[in-house]
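Biologist: I have a model open and want to go through its pockets, sheets and charged pairs. Can you pull it up?

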Amino acid sequence: MSSSFASHADLDDKTVSFDRLSDNAYAYTAEGDPNTGVVVGDDAVMVIDTQATPVMAQDVVRRIRTVTDKPIRHVVLSHYHAVRVLGASGYAPEQIIASEDTRDLIVERGEADMASEIGRFPRLFRAVESVPGLTWPTITFTGKMTLWLGGLEVQLLQLGRGHSKGDTVVWLPRQKILFSGDLVEYGATPYCGDAYFTNWPATLDALAALKPEKLVPGRGAALTTPEQVQEGLRGTRAFTSELFALVRQGVAAGKDLRAIYKETHAALKPTFGHWVIFDHCMPFNVTRAYDEATGHVDPRIWTAERDQEMWRQLEG
């Protein structure tokens with residue numbers, strides 16, 4: 001291969017931030033690594049996305065314990081990707097909550113995804129031997145679910161497909177704080193290997209319609225003003241829309257996947273190449289966009305073997 005596979009060259013630990021957004025909301029971020037959201041209610045704590053292993057989850061727990069001793073009762077999965085969900089057991093929650101679509105994806109491709117992602121992100125799966133297996137939700141919902149953490153209203157919303165078919169956001173309506181999962185990134189490249197490019201812009205419109213004043217993206221720093229929120233939404237929309245438009249143009253011109261990949265990478269790099277994991281994501285992103293543009297409505301399953309074969313084809 002002409003470049004290191006996926007994130008194999010990304011070996012440096014990142015600096016963690018644990019930012020207070022309100023009396024109830026916190027953001028655990030790490031310079032573009034996957035984020036975790038924390039909601040502290042009157043009687044319990046909710047964790048949104050878990051880190052990749054139970055051992056890594058313990059650092060989140062340690063940060064939570066600096067602000068509250070309330071029990072961690074709820075874990076919410078914004079979607080099914082292994083790097084987001086395999087640390088769930090580290091919180092010993094009473095309930096693990098996900099959309100029904102997310103559970104369907106775990107049934108269909110959870111094992112393959114776990115092997116695939118562990119192969120892509122060695123640093124992010126620290127102490128992978130502590131993972132007890134797939135993370136299974138104990139409660140599922142469709143469309144909308146409301147939880148009350150004492151007097152604090154927390155809404156779990158499916159506002160549309162984008163990053164995956166199961167995307168769930170967590171919304172604190174009184175405080176106008178949104179935890180977006182990977183539907184929004186900030187200074188980090190959206191991973192689109194399981195995306196629905198055609199649907200993503202309308203889903204971002206639905207997020208914007210909530211008029212969030214603060215937003216915790218899937219990767220990148222917490223957005224703490226309405227202006228920063230709009231910047232995050234614009235950046236994610238620009239990247240995903242421009243990438244899909246370029247791929248569709250290549251398909252319409254009769255070009256093959258490798259040619260389209262090289263041209264799309266070159267076209268997007270001047271604007272987005274400084275974003276975290278750009279070179280990691282682009283082969284997966286263009287491959288999925290090519291599939292969608294050629295009639296594969298639903299993403300094909302990524303396996304560790306398919307990952308390597310695709311990388312050789314595009315980067316070899």
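Biologist: How much space lies in the second largest pocket?

Modeller: About 200 Å³. Before going on: this is a predicted model, where local features need pLDDT of at least 70 and side-chain atom pairs count only at pLDDT 80 or more, while totals for chains, interfaces and linings use all residues. Residues are numbered from 1 along each chain as its sequence is written, and side-chain values use heavy atoms, with hydrogens and water left out.

Biologist: What counts as a pocket, and how is a volume defined?

Modeller: The search uses a 1 Å grid over the protein atoms alone; a pocket is an open set of points with protein on both sides within 12 Å along at least five of seven lines, and a cavity is a set of points where a 1.4 Å probe fits but cannot get out. Lining residues have an atom within 4 Å of a point. Grid points are joined across faces, edges and corners, and the volume is the space filled by probe spheres set on the points.

Biologist: Which residues are closest to the centre of that second largest pocket?

Modeller: V16, Y28, D33, M56 and R126, out of 13 that line the second largest pocket. The elements giving two or more residues to this lining are β2, β3 and α1. Helices (H or I, at least four residues) and strands (E, at least two) are DSSP runs numbered from the N terminus.

Biologist: What is the lining of that pocket by class?

Modeller: Six nonpolar, one polar and six charged residues. Nonpolar covers Ala, Val, Leu, Ile, Met, Phe, Trp, Tyr, Cys and Pro, charged covers Asp, Glu, Lys and Arg, and the others, Gly among them, are polar.

Biologist: And closed spaces? How many cavities of 30 Å³ or more does the search find?

Modeller: Seven in the whole structure. The largest cavity has a volume of about 130 Å³. Of its 15 lining residues, V83, E117, F121, Y191 and R219 are the closest to the centre. Helices α2 (82–85) and α3 (100–120) each give two or more residues to that lining, which divides into five nonpolar, four polar and six charged.

Biologist: Change of topic. You mentioned β2 and β3 at the pocket. How do those two strands run?

Modeller: Antiparallel, with five bridges joining β2 (residues 25–30) to β3 (residues 33–40). A27 has G37 in β3 as its bridge partner. Two strands pair if DSSP finds at least two bridges between them.

Biologist: What is the strand order of the seven-strand sheet?

Modeller: β1-β2-β3-β4-β5-β6-β7, open, with mixed pairing. β1 (17–20) and β7 (139–141) are the edge strands, each pairing on one side only. Neighbouring strands are turned by 20° against each other on average, direction ignored; axes are lines fitted to C-alpha atoms, for helices over the stretch in contact, and angles run from 0 to 180 degrees between N-to-C directions.

Biologist: There is also an open sheet of five strands. What is its order?

Modeller: β8-β9-β10-β11-β12, with mixed pairing. β8 (144–149) and β12 (214–217) are at the edges with a single partner strand each, so one side of each has no neighbour in the sheet. β8 pairs with β9 (residues 152–157) in the antiparallel sense over six bridges. M145 has L156 in β9 as its bridge partner.

Biologist: Now charges. How many salt bridges does the count come to?

Modeller: 17, where a salt bridge is a side-chain nitrogen of Lys or Arg within 4 Å of a carboxyl oxygen of Asp or Glu. D59 and R63 form one (3.5 Å, N to O). They are four residues apart in helix α1 (residues 54–64), so about one helical turn separates them. D59, R62 and R63 are linked in a network of salt bridges.

Biologist: Which parts does the R120 pair with D307 tie together?

Modeller: The closest N and O atoms of R120 and D307 are 3.0 Å apart in their salt bridge. R120 lies in helix α3 and D307 in helix α8 (residues 304–315), so the pair ties together parts that are 187 residues apart in sequence.

Biologist: Are R120 and D307 buried or exposed?

Modeller: Both are buried, meaning under 20% relative accessible area; exposed means over 50%, and partly exposed is in between (1.4 Å probe, protein chains only). D59 and R63 are buried too.

Biologist: What about R300 and D291, what is their N to O distance?

Modeller: 2.8 Å, in a salt bridge between their side chains. R300 is partly exposed at 39% relative accessibility, whereas D291 is buried, with a relative accessible area of 5%.
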